[in-house]
Amino acid sequence: MIIIPYSITHRDEWNSFVSRSKQGTFLLNRNFMDYHADRFFDCSIMFCQADDEKGAYTSTEQNVGDIVAVMPANWIEETKTVETHGGLTYGGLLTKEDITETEVMQIMQAAFTYYREMMGARVMLYKPIPYIYSSLPSGEDLYALFRANAQLARRLVSSVVDMRHLLRMQTLRTNGVKKALSKGFYINRMQDGDFDTLNEFWVLLENMLIRQHKASPVHTVDEIGLLMSRFPREIRVYIVRNSSLRIVAGVIVFETERVAHVQYVASNAEGNENGALDLLFRHLITERYKNMDYLDLGTSNEAHGHILNEGLIAMKESFGGRAVCYDSYRVMLDDPGINTMCELHSPKDRKKRIKYLDLKKLNHTYEPYLSYGISRAVQSGHYLLGQENQRFEETWKNYIRTRNCVLVGNGLEALVLILRAYCQLNDWRRGDYVLVQSNTYIATVIAIREAGLTPVLFDPSYHPVNGSPLLDYNRMERILNKLDSANTLRAIMPVHLYGRIWDMDNVRKFASTHNLKVIEDAAQAHGAELKGKRAGAWGDAAGWSFYPGKNLGALGDAGCVTTNDDDLADLIRTMANYGSRKKYVNEVEGMNSRVDEIQAAVLNVKFSYLNIENKRRREIANRYLSEIDNPLIKLPNRPCNPEENVWHTFPVYCTERDKLQLYLMDNGVETLIHYPIPPHKQDALKDEGKLVLCESLPVAEREAREELSLPISPVMSNEDVDRVIDLLNRFVA
């Protein structure tokens, strides 16, 4: 694709193409666009089809006669933004009539790349041309925007009368017409060059805008006069005069081939009282524009569309106008989706980097709802312990099927608060024991120590067929027999590592035998389910993390506790708020562990996608399990029921793990290790008394040497999965 930056030397070619394009109107003619060239730094571009593709785009002065599309645009230096176009009501891509979707995808991708790489642009604000102006269906650019993960930034609703299917005017309007006629009102079209009439109407317009909206017209009267001289057939002024020949109302209309657009409308007090606009609009609808396709009565919004002037739109709808949206989209020009809009599947293309987890791309999939949710929280004026918190707590406890959910600062603090609350409720003593598996992340162990308790590490066992984590009762009894009787064993903490739920019947049986509390670390198991019961509902309590990389993640730190123990939940809620139920009244020693309303709003939005994304993770995992076939790589076991694993990570095991990771990185695939150093080998926990090790921990140490986590993000494409599988199957040590 050849891209030619517009310059004044291309004016004739530009205007000629606009007149032939399927979306073109006189507003996109350079004689209109350039009237305010002093206010906008123009960076419009023209697209020509290259004979020989030399890359994504080329900037050249050749082949200007072979234009296939143009894009009006201006540059905003302060924000490194391209806007299409800031001085126009609309201004998206204009194309030749026989353009195809694939060609528009290539053109839009080339435009995004050009502005990003040639101008250093970060953002494009794209204003598509509403369909009513097009001579043929023309939504190709809207699909291209979707593929580029564009976000809806603004939506204005305009009231449009379909002249081919007129709706009946309301009685209020027809009565207004009769009243206007009875007062001797009549309609004039301003003659060419009658600038006295234009100035008289403009004073009326300015006074009305200042009085009603404290605003001014977008154009000056001199600018409108200039444009009327350039486009005398396209810009019309219709006025209503009273019997004294004074103007009481009027409109300025921009006429295109299919649409008459009311650019300005104004009426003074006399006109308002006596139906002047009723008379004028009836004339435009039933006489002047009866052969047009549409009469656009204009928008009725403020604040970028977030406020609807209900009285104004009701007036326009009473003439038969119905909604057509004028939209603006925000395209982040570093979005990875732009690079994959037109997949070529060439050897070069296959070298694209596959991120372990592309959080930016993932979070784009929640738009515009994510931004709306954040805005809702900001606009509420309540930023802690508000409605967003309450809504999510209710949602999550119902999803997990527990009686209580308490939002706290993060996953670590969730576990700390559970343990501290149990210490207070059940008189656990400092130094008492908590069993915890050895191959967990260090946070689980730190939580036990933060609560003043002692971690006792054990290696988990795995079911030989389905790989379910479970307790080896013989091993556990040996460990219990070696514990110092000076301290009491209080609890066991199974960690649903990598998203795989433990065999909880096995755990609960052991806990019941030894009178232990079961505290689930469910930080990686959002939605995992065993025998119809979700992770987080099996134990006496569960700690959750909503770290951004989790299956359900906030945009910062967040966590929660789920439990059926009402007393425990009440105490945790109190302890998490400085030990206070009532402001400045502190009942117990507490801490500050709260989730702000913005993070809670994010969770409320993203929760709706959790089951869908878990399903996608299972699809990818199933392909890995079925198609990776390399004797050097050991795969995890397939669960009997897919619901038992939400595949927070997909771990593989290889004795040449470091070579495998380097090989994948060299081929553009990111991986992570979970975890390279087991807790009992960490310097932070090496001092005597910080941990209890009753036996060696070969499982944890082997996993630390051999585990490698493959990318399993829900935004991975099937082509990405193909590539990961192919690379793994070709790996040789």
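Colleague: Which elements each supply at least two residues of the lining of the second largest cavity?

Modeller: Happy to help; bear in mind that this is a predicted model. The second largest cavity is lined by Arg-30, Met-33, Asp-34, His-36, Ala-37, Phe-40, Phe-41, Asp-42 and His-85. Those that each give at least two residues to this lining are α2 (30-33) and β2 (41-42).

Colleague: And how many residues of that lining are charged?

Modeller: Let's go by class. The lining of the second largest cavity, a space of about 50 Å³, has 4 nonpolar and 2 polar residues. The charged residues number 3.

Colleague: What volume does the largest cavity have?

Modeller: The whole structure holds 3 cavities of 30 Å³ or more. Residues lining the largest cavity include Ser-438, Tyr-498, His-674 and Glu-703, and this lining divides into 7 nonpolar, 4 polar and 1 charged. The volume of the largest cavity is about 60 Å³.

Colleague: Turning to the nonpolar cores, which helix gives the largest share of the largest one?

Modeller: Good one! The largest nonpolar core has 49 residues, and Phe-32, Leu-198 and Ile-252 have the most contacts inside it. Its largest share is 7 residues, and they come from helix α6 (residues 195-213).

Colleague: From which domains does this core draw at least three residues each?

Modeller: Phe-32, one of the residues with the most contacts inside the core, touches Phe-26, Leu-27, Leu-88, Leu-227, Phe-231 and Phe-254, leaving aside residues up to four places away in sequence. The core draws at least three residues from each of domain 1 (2-148) and domain 2 (161-326).

Definitions and conventions: Residues are numbered from 1 along each chain as its sequence is written. This is a predicted model: local features need pLDDT of at least 70, side-chain atom pairs count only at pLDDT 80 or more; totals for chains, interfaces and linings use all residues. Side-chain values use heavy atoms; hydrogens and water are left out. On a 1 Å grid over the protein atoms alone, a cavity is a set of points where a 1.4 Å probe fits but cannot get out, and a pocket is an open set with protein on both sides within 12 Å along at least five of seven lines; lining residues have an atom within 4 Å of a point. Grid points are joined across faces, edges and corners, and a volume is the space filled by probe spheres set on the points. Ala, Val, Leu, Ile, Met, Phe, Trp, Tyr, Cys and Pro count as nonpolar, Asp, Glu, Lys and Arg as charged, and the others, Gly among them, as polar. Helices (H or I, at least four residues) and strands (E, at least two) are DSSP runs, numbered from the N terminus. A nonpolar core is a set of buried Ala, Val, Leu, Ile, Met, Phe, Trp, Tyr and Cys residues joined through side-chain atoms within 4.5 Å. Buried means under 20% relative accessible area, exposed over 50%, partly exposed in between (1.4 Å probe, protein chains only). Domain bounds come from an automatic or database domain assignment. Contact means heavy atoms within 4.5 Å.
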